[in-house]
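Here is my note on the fold and on one domain boundary. Please read the points against the coordinates.

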Amino acid sequence: MKPFTNFQSRVVPLPLNNIDTDQIIPARFLKTTSKRGLDAQLFCDWRYDAQGSPNPDFVLNQPVSRGAQVLLAGDNFGCGSSREHAPWALTQFGFRAVISTSFADIFRQNSLKNSLLPIAIPPDAHAGLLAAVVADPGVEVAIDLPNQTLTLPGGRKVAFPVDEFSKHCLVNGVDELGYILQQEPAIAAFEAAHPAAIDTLG
Amino acid sequence: MPRTIIEKLWDSHVVYERPGAPTLLHIDLHLVHEVTSPQAFQGLRERGLRVRRPGLTLATADHSIPTTDRSLPIVDEIAATQLAQLEANCAEFGIRCLGVHSDLQGVVHIVGPELGLTQPGMTVVCGDSHTATHGAFGALAFGIGTSEVEQVLASQCLLQRQSKTFEVRVGGALKPGVAAKDIVLALIARIGVGGGTGSVFEFTGGAIRALSMEERMTVCNMSIEGGARAGLVAPDDTTLQYLSGRPHAPKGAAWDSAVARWKRLPTDEGATYDRGVTLDASALEPMITYGTNPGMGLPVGAPLPDPARISDPLERESVTKALKYMGLEGGKPLLGHAIDVVFIGSCTNGRISDLRAAAGVLRGRKVSSKVRVLVVPGSQRVKRQAIAEGLPEIFRAAGCEWREPGCSMCIAMNGDQLQPGEYSVSTSNRNFEGRQGKGGRTFLASPLTAAASAIAGVVTDVRTLL
């Protein structure tokens, strides 16, 4: 995993609550056996019309989205299925962070494993940022992961929560599976003390 | 200190703990399907890793598998490749796979329980958010992403943070025509789709105790629709009766010692929960969703919400957008609204008791000529049982399609899908925009309501047919 570095970016506003993973990437695209090539399918049914032409009213087709690395969404972002294709599609499009007031549990975990930072901020800061972005799509935010701060367009800094372990993994590009496999003695000891209840091969 | 069953399950699976890091938790059963696993197997290959515990792992084909005649080739080449890839990956890594032609193939959350693999006291994971289904046995069962699938394949462990405990107490008794599905739809309508985020539900109370195992699975299945990654029911005699004699359930002395362990699982007297909500089953009516998330539900006879009367601006916008997508008008009732398709099946309602319930309504009746009705058994075992009971004849005589097992129109990956603008009454779990096909519009309901609506061709209160 690539280390997560601090950055500054314009913000793509998508202020809807409960955006589910079926909207982030519809299920019909999950027949792939690869992680790649999903950026074109991000928000596909909102982004393109029935003929497959870009829908000019959808924010990803507007100039503000070009090169932007931050998505600003409504509450409970990423609810629904466990598909990791959702953070894969978001990062392949170019997003490195999603700002909301809360995230669905599985989406949050999947994002952290893919260098996509879920930033949950209080409703008033969220509303302020949305108003600023709507008033001037050119404004930028700055994201500082080691210090866990989001700097809003006016310069106000908002703290956001990240657990220490996830932060360490993101900042240093540490892969969780490597950490898990280092616990081999503990895993072997647990297995020795807990005989399997089932054998699917038997 | 008294503990909830949720805390007991957690404590008994801790492999390794270190301050500042999530807990390493052992996984007792890992279920795998074709959609969320190929990239995980590829990851193992790239790292030169093997599957640590193939005997605790089981794969089946369900999401992209056609529900048409299995002796025919699969027309969708991408789906065919994905299904073949699952079987090849399982062969390469030594995992048992209930593939396209297996006589045990089925929806992953139906297969695990019916084979007796899902047992009380276990941790169960799958790359699928409806893994909470297995919580019905008093297991801690939750959905995971593909990176986590790879982690479990490689280590049989997962890094987890302890969730909050959330008691959902359901008292009273269900009235005729009201089903387990209505309990969980009413719960989600009450707490919202994010209401259980960060929590594990424990379903308690007399109405839950009175449910069969299959009904408990329906309730636990939709925990994720209320935001909770897991939901469970403490084991009792109903659980033991269901499990006894199943192919992978313990036998003889092993059964007796397992039962003794399982009896220590229920929440201790005096244990407390972080949160709680209470429902009265006696007051419940058949439920139906009208919008584009499972929290947008109401009693089947109630009027739709009127956005003009919603004060919160984001909530008003959300309901307005949902009604527009659904082509509905606020304030009007959903009852009597014309439908095009009825889908009976899925990990929520594709078990034998669900098919019996639907057949009970359809017996001797005809479905509306305007409605296409798909009945999709949840597994090959469910299908065989239904055949033994003569259910396919009832469905066919009523004008329904009787199909092969799979996820089918719940997720619409396999060719079973709505056309743009079509309405369905569906026994599945999600009504998100496009979930059952691009532009399709879904009303979620119980098998009873679905069968009644199929007959009338419009959204119907099943109690008028009982």
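1. Contact range. This is a predicted model. Take the contacts in chain B between residues at least 6 apart in sequence: 77% of them join residues at least 24 apart.

2. Overall dimensions. Chain B has a radius of gyration of 21 Å. A compact globule with 466 residues would have a value near 23 Å, so the two agree. The C-alpha trace of chain B spans about 55 × 55 × 45 Å along its principal axes.

3. Burial and secondary structure. Chain B has 466 residues, and 62% of them count as buried. Its secondary structure comes to 16 helices and 19 strands.

4. Domains. The domain assignment splits chain B into three stretches. Domain 1 covers 5–159, domain 2 covers 164–283, and domain 3 covers 287–464.

5. Domain 2 against domain 3. In chain B, the centres of domain 2 and domain 3 are 24 Å apart, taken over C-alpha atoms. Across this boundary, 18 residues of domain 2 are in contact with 19 residues of domain 3.

6. What supplies the domain 2 side? Which helices of chain B each give at least two residues to the side of domain 2 that touches domain 3? They are helix 6 (180–191) and helix 8 (213–221). Helix 6 of chain B provides the largest share, six residues.

7. Chemistry of that side. On the side of domain 2 of chain B that touches domain 3, nine residues are nonpolar. Five are polar and four are charged.

Terms used:
Residues numbered from 1 in each chain as written. Chains lettered and ligands numbered in written order. Predicted model: local features only at pLDDT ≥ 70, side-chain atom pairs only at ≥ 80, totals over all residues. Domains from an automatic or database assignment. Contact = placed C-beta atoms within 7 Å. Helix = DSSP H or I, 4+ residues; strand = E, 2+ residues; numbered from the N terminus. Nonpolar A, V, L, I, M, F, W, Y, C, P; charged D, E, K, R; others polar. Rg over C-alpha atoms; globule rule 2.2 N^0.38 Å. Buried ≥ 20, exposed ≤ 12 C-beta atoms within 10 Å, placed from the backbone.
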